[in-house]
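Open the model in your viewer and keep the selection panel at hand. The tour starts at the ligand and ends at a helix.

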Amino acid sequence: MSSTPRPTVYIETYGCQMNVADSELMYGSLAAHGYDAVEAPDGADVILVNTCAIRDHAEQRVIGRLGELRRFMKADSIVGVTGCMAQRLGPKLLEKARHVSLVVGPDGYRALPQLIDNARNGERGIFTTFDLEEHYEDVTPRRTDPVKAWIPVQRGCDYRCTYCIVPHTRGAERSRQLHEVVREVRQVVETGTSEIVLLGQTVNSYNDGTNDFADLLRAVGSIDGVRRLRYTSPHPNDFSDRVIAAHAEVAAACEHVHLPMQSGSTRVLKRMLRRYSREEFLECVDRLRAAIPSLVLTTDIIVGFPGESDEDFEETLTAVTAAGFSEAFTFKFSPRPGTPATRMPPEEMIADDVAGERLQRLIQVVRAQSREQNIALLGARTEVLLERVAKDGELLMGRTRDWKTVLVPGHASLVNSYHMVELTGTTGSTFTGTFVQESAPSRQPLPMAS
Ligand code: SAH
Ligand code: SF4
Ligand code: F3S
């Protein structure tokens, strides 16, 4: 019996976890319209590039990649650009890349099947309208990670940090209804996934009209089968006492918070419109640490923001130490067209070599600090969830509740199981460990290193 083969779709994802979750939604939606997912672009009927616009470098990578993808196209392949860069550049992308036939922003994925059909008929299409109601509730995402599930609980952003393109690419903030989030998490845990990561640009400002983020944490944390609960990224100003108390009391909520600081200088923070001072940020850190013993904090930091003086930068270095960050994602300021930071006086722009030096110094300070913290943890026994086979193929990569990476010898069949592991070595940033004969305490706080 012969039948027409189903068309195939390949999606390449750049940017943050929100984009990873959106790609899962697009795959799910297209599967419902008769498409099969494939793992490589070669000869796929539809090739989508889900893009990020956060820094110029991220966009340049995509432009380069779009050119490369040409050689994987069949005569009738459709290439589309989705995500934040699609939203930002719209028609300019169609002008720039003749082989691209659709450009779809983050609120337009519902239109994808139709736009692809149109493209097959030779019609190039753009969809970049924001839709404040859009949460894709009726779409079942196609998940490929058996271990953890990314669950968007909020889309868009209502902050207006002066360097940031996200409000332009993702529109206004809106939250999903709590019962919809709970429904999705219940479905996910039924498949054997026990780690849930709630996503939003300022995820702790979640509010569905009735419930706030504290309610959400409690609701998701009490679902049977949710053993690890994480969220990213919270904003310091949205850490109300209620939210902190909920995090502290919900047993599944892990002892790790990724808390973007951006700068340690009040002067720079003001110009970034972050809406907190250095002192207020550190106060937030203190409140979190007081409520959640053994909390590990990681952060995002930008160097070379317009007007950043040597003194401002020194304040960032001292804040890294004062906050006790275990890891930091560090970036050189990248001017994004249309954002307020690009309109600051030209003489305030920081030369690239100065920003580069600051970045290197910052990385050194962060590395030294995490190395010191990690060496102090050697010998500790801790619960590890094994996530995947490590790159070399011999070891398994797992994570502790507090987000440390641990490599353990073991068979691939152990992926997605919990084990007690003794931390035996560290590179300074990641650990090696061995299994110890102790069943993992399922919902207990971890013993600290003695
Ligand atoms: N919503 C999150 C951040 C999302 S963007 C939050 O507010 O915490 C991820 C990180 O990229 C930011 O935390 C910031 O450190 C960095 N970033 C954003 N815009 C940038 C720019 N124009 N130049 C350099 N880094 C930037
Ligand atoms: Fe960008 Fe600020 Fe919104 Fe984060 S909170 S997405 S940095 S505008
Ligand atoms: Fe990039 Fe958009 Fe995420 S700009 S960081 S993919 S929200």
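A polar contact here is a pair of N or O atoms within 3.5 Å. Keep in mind that this is a predicted model.

**Stop 1: polar contacts of the ligand.** Select ligand 1 and arginine 55. A polar atom in the side chain of arginine 55 sits 3.1 Å from a ligand 1 oxygen. Add arginine 274: one of its polar side-chain atoms is 3.3 Å from an oxygen of ligand 1. Now add aspartate 300, where a side-chain N or O atom lies 2.7 Å from a ligand 1 oxygen. On its own, ligand 1 has 540 Å² of accessible area, and the protein covers 90% of it.

**Stop 2: the shell.** Widen the selection to the 15 residues that surround ligand 1. The closest are Gln201, Pro260, Gln262, Asp300 and Ser334. Colour the shell by character: six residues are nonpolar, four polar and five charged. Then show strand 13 (296–303) and strand 14 (327–332), each of which supplies at least two shell residues.

**Stop 3: the domains.** Which domains does ligand 1 lie between? Colour domain 2 (145–254) and domain 3 (257–376) separately. Both give residues to the shell, so ligand 1 lies between them.

**Stop 4: glutamate 24.** Leave the ligand and go to helix 1 (residues 17–32), which holds glutamate 24. Is glutamate 24 buried or exposed? Its relative accessibility is 9%, so glutamate 24 counts as buried, the cut-off being under 20%. Finish by selecting its contacts beyond four places in sequence: Pro141, Arg142, Arg143, Thr144 and Trp150.

Methods:
Residues numbered from 1 in each chain as written. Chains lettered and ligands numbered in written order. Predicted model: local features only at pLDDT ≥ 70, side-chain atom pairs only at ≥ 80, totals over all residues. Heavy atoms only, no water. Near = heavy atom within 4 Å. Polar contact = N/O pair within 3.5 Å; in protein donor to acceptor, adjacent residues only side chain to side chain. Areas by Shrake-Rupley, 256 points an atom, 1.4 Å probe, with all protein chains shown as cover. Helix = DSSP H or I, 4+ residues; strand = E, 2+ residues; numbered from the N terminus. Nonpolar A, V, L, I, M, F, W, Y, C, P; charged D, E, K, R; others polar. Domains from an automatic or database assignment. Buried < 20%, exposed > 50% of the residue type's maximum accessible area, 1.4 Å probe, protein only. Contact = heavy atoms within 4.5 Å.
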